[in-house]
Each structure stands twice: as C-alpha cells, then as structure tokens.
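Please walk through this model with me, one region at a time. We start at one helix and work outward.

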Amino acid sequence: MGTVKRQPWVVGVSGASGTPYAASVIRALLAAGEPVDLIVSRAARLTILDETGISFRDAHWRADLAAWLGSDEGLDDVRYWPAGDFAAGPSSGSYPAKGMLVVPATTGAVAGIALGLSKDLLQRVASVTLKERRPLVVCVREAPLNGVTLKHLVELDAQGAVVLPASPGFYAGGSTVRELVDFVAGRVLDAVGVPHSLYLRWEGELGAAARRSDENGSVSAEGE
C-alpha cells in the first residue's frame with residue numbers, strides 16, 4: 001500500500017462578488033505550506049473577469065491563477081479541477097482532502113450544498129466534505145439575506161459546516177480594502193486552524209491594534 005503524502009485543502013470559488021477573499025485565502029494557505037485543490041465555478045469566472053479583468057481558463061489555469069494572485073510562488077502545490085469534472089479526485093470521499101473552504105459562497109451555492117444537490121463539482125465536493133465529517137467553511141457573501149437563505153445557513157450549521165459571513169471586523173485596525181479583505185480571509189483560516197498573519201488579533205486592550213498598525217505602517221499580510 002502506498003503512503004498518502006499530499007493532503008490538500010479544497011478551495012471552492014463560486015460566483016459571488018468577493019473574489020479577493022478567495023485570492024487572500026489561497027495566498028495564505030500556500031504561504032503556510034498547505035497544498036490547495038482549486039475549483040472555480042463557471043459563474044466565478046465571470047466574477048473574476050469583472051472584478052480583476054483576468055480571464056480564468058481551464059487550459060491556462062496556472063498562468064491565470066498567477067495573474068490573479070499576483071505571483072506564481074507556491075503554485076506547484078496547487079491542483080486545479082474544472083467545475084464540470086464530476087470524476088475529479090475530490091468528488092470521492094476516499095480522496096485525502098483535509099476539508100473545504102467555499103470562498104466566496106453565493107446563496108445558490110449555499111442552497112445547493114444545504115440540499116445536497118451536487119449541481120457542479122463545487123457542490124459535490126462540499127457534500128462529500130460533510131458526509132465524511134471533514135471541516136467545511138462556507139463564506140457567504142450576500143446582503144440582505146432572505147428567509148430561505150437563512151434557513152439554508154441554519155441547515156448547514158446543523159450538518160456541521162462553519163457558516164462564516166464575509167463580514168470584516170474593524171477592531172484589528174484595518175483601514176484599507178486589502179486589510180479588511182485579509183481580515184475575513186484570516187477568520188476563514190482560523191476556523192480550520194491554519195496559521196497566518198493576515199490581521200492583528202484582539203488582545204484585550206482597547207485601541208492596541210490601531211496603535212500597532214500605525215507603528216508598523218500597515219498590517220502584516222501574506223502576498224505583499
């Protein structure tokens with residue numbers, strides 16, 4: 001029997017606005033030495049194009065991912081699976097994934113995962129993650145939320161997922177868009193125990209994070 005060496009985090013990017021959250025999570029995972037399996041939904045390709053001007057293509061995913069992340073560092077630890085590939089490795093519970101991070105998550109993805117629809121590879125892998133009792137973080141990005149979506153989020157919580165809204169906190173002293181994005185990404189990684197330095201943590205002293213941010217010039221973040 002062979003020894004399993006690679007055990008990645010699956011990052012699923014759906015079509016919600018907020019692709020910088022996904023880029024920050026991927027950069028931080030790679031900086032932490034964590035391999036990544038990446039799934040980008042068809043709708044997410046349009047959102048990446050709209051928010052960054054970058055076309056994300058299956059045949060050129062590596063070059064497009066490097067352009068999106070702003071670096072090709074660590075990409076040898078990334079494996080890409082097209083959203084329509086239901087035979088992909090992570091579609092099986094026997095595939096040795098650590099868990100899955102859906103960043104950002106549309107309300108459609110939330111519904112599909114909660115109901116077990118498996119309409120594309122992203123939803124299928126999320127369902128597999130739940131049935132295998134592996135960590136699943138769903139970073140929903142929508143406002144306001146209607147009653148149906150709230151019920152789906154409660155159902156995901158009941159199934160063991162971590163529901164983590166893309167809601168940046170300001171107590172860490174963040175003052176730029178990048179710092180606020182990194183705060184959300186950091187909270188996603190906190191939920192699965194991956195170390196990072198994406199934001200300044202609360203230490204029980206009012207104003208301490210803002211003062212440290214001013215002293216250091218900016219919040220320390222991977223990928224800069």
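**A helix and its cover**

Begin with helix H4, residues 107-115, whose buried residues are Ala-109, Val-110, Ala-111, Gly-112, Ile-113 and Ala-114. Bear in mind that this is a predicted model. What lies over those buried residues? The cover of the buried residues of H4 includes two strands, E4 (99-105) and E5 (136-140), and two helices, H5 (121-131) and H6 (147-158). Just after H4 comes Gly-116, with a positive phi of about 70 degrees.

**Backbone exceptions**

Some backbone angles deserve a closer look. As background, most residues other than glycine have a negative phi, and most peptide bonds are trans. Ser-118 is not a glycine, yet its phi is positive, near 55 degrees. Ser-118 sits in the loop between H4 and H5. Arg-133 is not a glycine either, and its phi is positive at about 60 degrees. Look for Arg-133 in the loop between H5 and E5. Is Arg-133 buried or exposed? Its relative accessible area is 70%, so Arg-133 counts as exposed.

Now the peptide bonds. Val-103 and Pro-104 are joined by a cis peptide bond, with omega about -15 degrees. Pro-104 belongs to strand E4, and E4 is part of the cover over the buried residues of H4. Another cis peptide bond joins Ala-143 and Pro-144, where omega is about -10 degrees. Pro-144 is in the loop between E5 and H6. E5 and H6 also belong to the cover of the buried residues of H4.

**A buried valine in strand E2**

Move to strand E2, residues 36-40, and find Val-40. How accessible is Val-40? Its relative accessible area is 0%, so Val-40 is buried. Which residues touch Val-40, leaving out those up to four places away in sequence? They are Val-13, Arg-45, Ile-48, Phe-56, Tyr-80, Trp-81 and Ala-83. Take Ala-83 from that list. Val-40 and Ala-83 are 43 residues apart in sequence, but their C-alpha atoms are 6.1 Å apart in space.

Compare a residue of helix H2. Ala-43 is in that helix. With a relative accessible area of 41%, Ala-43 is partly exposed. Ala-43 and Gly-12 are 31 residues apart along the chain, and 12 Å separates their C-alpha atoms.

**Aromatic rings**

Two of the residues that touch Val-40, Phe-56 and Tyr-80, carry us to the aromatic rings. How many aromatic pairs does a search of the whole structure find? It finds seven. One aromatic pair is formed by Phe-56 and Trp-68. The geometry of that pair is edge-to-face, with 6.3 Å from centre to centre and 80 degrees between the planes. Why does this pair tie separate parts together? Phe-56 lies in the loop between helix H2 (42-52) and helix H3 (61-69), whereas Trp-68 is in H3, so the pair joins parts that are twelve residues apart in sequence. Both Phe-56 and Trp-68 are buried. The picture then widens to a cluster, in which ring pairs link Phe-56, Trp-61, Trp-68 and Tyr-80.

**The whole chain**

Now step back. The protein chain has eight helices and six strands. Along the sequence they follow the pattern β-α-β-α-α-β-β-α-α-β-α-β-α-α. The C-alpha trace spans about 50 × 40 × 40 Å along its principal axes.

How does the radius of gyration compare with that of a compact globule? For 224 residues, a compact globule would have a value near 17 Å; the chain has 17 Å, so the two agree. Of the 224 residues, 51% count as buried. Contacts reach across the sequence as well. Among contacts between residues at least 6 apart in sequence, 71% join residues at least 24 apart.

Finally, consider the surface and the charges. The protein chain exposes about 10600 Å², and carbon and sulfur atoms supply 52% of that area. There are 21 positive and 25 negative side chains in the protein chain. The centres of these two sets lie 7 Å apart.

Conventions:
Residues numbered from 1 in each chain as written. Heavy atoms only, no water. Helix = DSSP H or I, 4+ residues; strand = E, 2+ residues; numbered from the N terminus. Rg over C-alpha atoms; globule rule 2.2 N^0.38 Å. Buried < 20%, exposed > 50% of the residue type's maximum accessible area, 1.4 Å probe, protein only. Contact = heavy atoms within 4.5 Å. Areas by Shrake-Rupley, 256 points an atom, 1.4 Å probe, with all protein chains shown as cover. Lys, Arg positive; Asp, Glu negative; His and termini not counted. Charge placed at Lys NZ, Arg CZ, Asp CG, Glu CD. Phe/Tyr/Trp six-rings, centres within 6.5 Å; stacked < 30°, edge-to-face > 60°.
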